[in-house]
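Here are a few notes to read alongside the picture. Take them one at a time, and look for each item as you go.

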Amino acid sequence: MDLDRAPKVGFVSLGCPKALVDSERILTRLRAEGYEISPSYDAADVVVVNTCGFIDAAIDESLDAIGEALEKNGRVIVTGCLGARPERILARHPRVLKVTGPHAYEDVMHAVHEHVPPRHDPFLDLLPPPGIRLTPRHYAYLKISEGCNNRCSFCIIPSMRGRLASRPIDAVLREAERLVAAGVKELLVISQDTSAYGADLHYRSATWRDGEYQTRFIDLARGLGALGAWVRLHYVYPYPHVDAVIPLLAQRRVLPYLDVPFQHGSPSVLMRMRRPAHAEDTLARIRSWRAQCPDLVIRSTFIVGFPGETEAEFGELLDWLDAAQLDRVGCFKYSPVEGARANALPDHVPAPLQEERYARFMEKASAISAARLKRRVGSRMRVLVDSVEGGSAIARSEADAPEIDGVVRIKSARGLQAGDWADVKIVSADAYDLGGRLLH
Ligand code: SF4
């Protein structure tokens with residue numbers, strides 16, 4: 001290695017937004033220590049692959065990415081969720097230099113130091129305040145905790161990532177403050193179970209901006225709501241204590257948007273899934289939320305074809321969806337994950353029937369989405385521009401989280417650039433997206 005130049009690290013980041021935050025933290029550390037991030041395999045002295053191990057398809061993608069990095073560079077360090085199962089990686093790729101598990105920032109840094117020592121330069125040891133983010137400059141994911149205390153039968157995250165470990169409220173609020181000061185306009189709060197935030201710390205108090213905040217969901221929303229950015233709450237379970245946040249949504253201190261992973265509408269399926277809050281009357285809760293905050297947008301994900309799902313239970317899900325009228329809906333066909341308890345449940349639903357139920361579910365969900373979006377035609381709204389190409393802009397409203405929801409397309413977007421706010425009149429709608437005309 002040429003010691004006159006900064007050592008270079010290639011980085012491949014796979015997986016969900018939570019994994020992206022892990023990647024950002026590692027990149028921040030690397031840059032702070034004087035490493036350069038290499039955009040190509042060729043120029044890198046070592047490649048770090050941050051893997052995902054959530055479902056079998058993600059595991060295959062991760063193993064392929066490791067293979068590609070080995071072939072093109074040869075010096076590879078693996079981290080992330082799949083790293084919790086090193087035997088699986090080493091069986092296929094025995095040449096990797098090191099395998100570390102999820103959130104093992106220190107181990108990744110040790111491995112990088114061992115194989116590509118940092119160049120000593122005290123000026124480069126300073127941590128650049130906002131870190132190096134992989135998301136566009138105007139929005140950032142804010143990870144408030146790791147792990148999960150729930151035991152959903154289809155999920156192996158608790159065994160891979162451990163029990164809930166919340167970050168203290170003052171650390172989270174300070175990070176959010178730095179991000180906003182660095183130009184971030186939208187904060188996306190993520191965790192495995194946002195409403196459980198702080199339970200492991202017994203809701204410990206801390207001081208931030210001369211105020212007293214507890215490490216708990218409602219105080220988190222209160223603190224973030226004081227920053228003047230869009231704050232979007234993801235992975236909120238419908239526990240009764242979530243009701244307390246609705247007034248903050250209604251006042252637009254945080255966005256009137258909740259991502260609530262309901263997963264099913266049939267109590268018996270939810271019981272077999274061992275979902276948290278499965279005994280709650282979720283329809284009553286949604287009705288009450290909307291009564292207090294009529295603009296509330298609810299997004300959710302569902303699993304169809306869970307083991308033992310009968311036609312009657314699937315019908316309950318469709319009826320539930322009809323009644324709930326959710327704005328944004330994602331759907332997965334159940335697929336077994338190695339190590340999950342649901343694998344042992346009887347009566348797995350055959351693939352063609354899963355396919356058929358998926359199609360019926362999506363037909364209903366997209367009809368609901370289309371009807372709800374149609375009601376917005378003629379209204380005016382403020383949007384955040386994500387990208388501009390060929391004079392047209394792709395933007396998002398309060399109702400759209402990046403990557404998972406719809407967009408607002410603006411045809412004549414003169415003078416706009418990514419990260420700008422724009423005021424638009426909605427002129428068209430389809431099943432998922434809106435068309436807007438720039439005002440003034
Ligand atoms: S809440 Fe359930 S699905 Fe989500 S991470 Fe925890 S165990 Fe997995």
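1. Start with Val 9, whose bridge partner in E3 is Val 46. This pair belongs to a parallel match between strand E1 (residues 8–13) and strand E3 (residues 46–51), held over five bridges. Do keep in mind that the model is predicted.

2. Now step back to the whole sheet. It is open and has five strands in the order E2-E1-E3-E4-E5, with parallel pairing. Why do the edges have a free side? Strand E2 (36–38) and strand E5 (98–99) each have a single partner strand, so one side of each is left without a neighbour in the sheet.

3. Helices come next. Helix H2 (residues 56–72) packs on this sheet and touches E1, E3 and strand E4 (76–80), and its direction makes about 175 degrees with that of E3. Helix H4 (residues 105–115) lies across E1, E3, E4 and E5, running at about 175 degrees to E4.

4. Which pocket holds the ligand? The ligand sits in the largest pocket. Around the ligand you will find Cys 148, Asn 150, Cys 152, Phe 154, Cys 155, Ile 157, Pro 158, Gln 192, Tyr 237 and Arg 275. This shell divides into seven nonpolar residues, two polar and one charged.

5. Finally, look for the closed barrel of five strands, which runs E16-E17-E18-E20-E19 with mixed pairing. From one strand to the next, the twist averages 50 degrees. Within the barrel, strand E18 (residues 408–410) and strand E20 (residues 434–438) run parallel and are joined by three bridges. You can spot one partnership at Ile 410, whose bridge partner in E20 is Gly 436.

Definitions and conventions
Residues numbered from 1 in each chain as written. Predicted model: local features only at pLDDT ≥ 70, side-chain atom pairs only at ≥ 80, totals over all residues. Heavy atoms only, no water. Pairing = 2+ DSSP bridges. Helix = DSSP H or I, 4+ residues; strand = E, 2+ residues; numbered from the N terminus. Contact = heavy atoms within 4.5 Å. Axes fitted to C-alpha atoms, helices over the stretch in contact; angles between N-to-C directions. Near = heavy atom within 4 Å. 1 Å grid on protein atoms, 1.4 Å probe; cavity = no way out; pocket = protein on both sides within 12 Å on 5 of 7 lines; lining within 4 Å. Sits in = over half its atoms within 2 Å of the grid points. Nonpolar A, V, L, I, M, F, W, Y, C, P; charged D, E, K, R; others polar.
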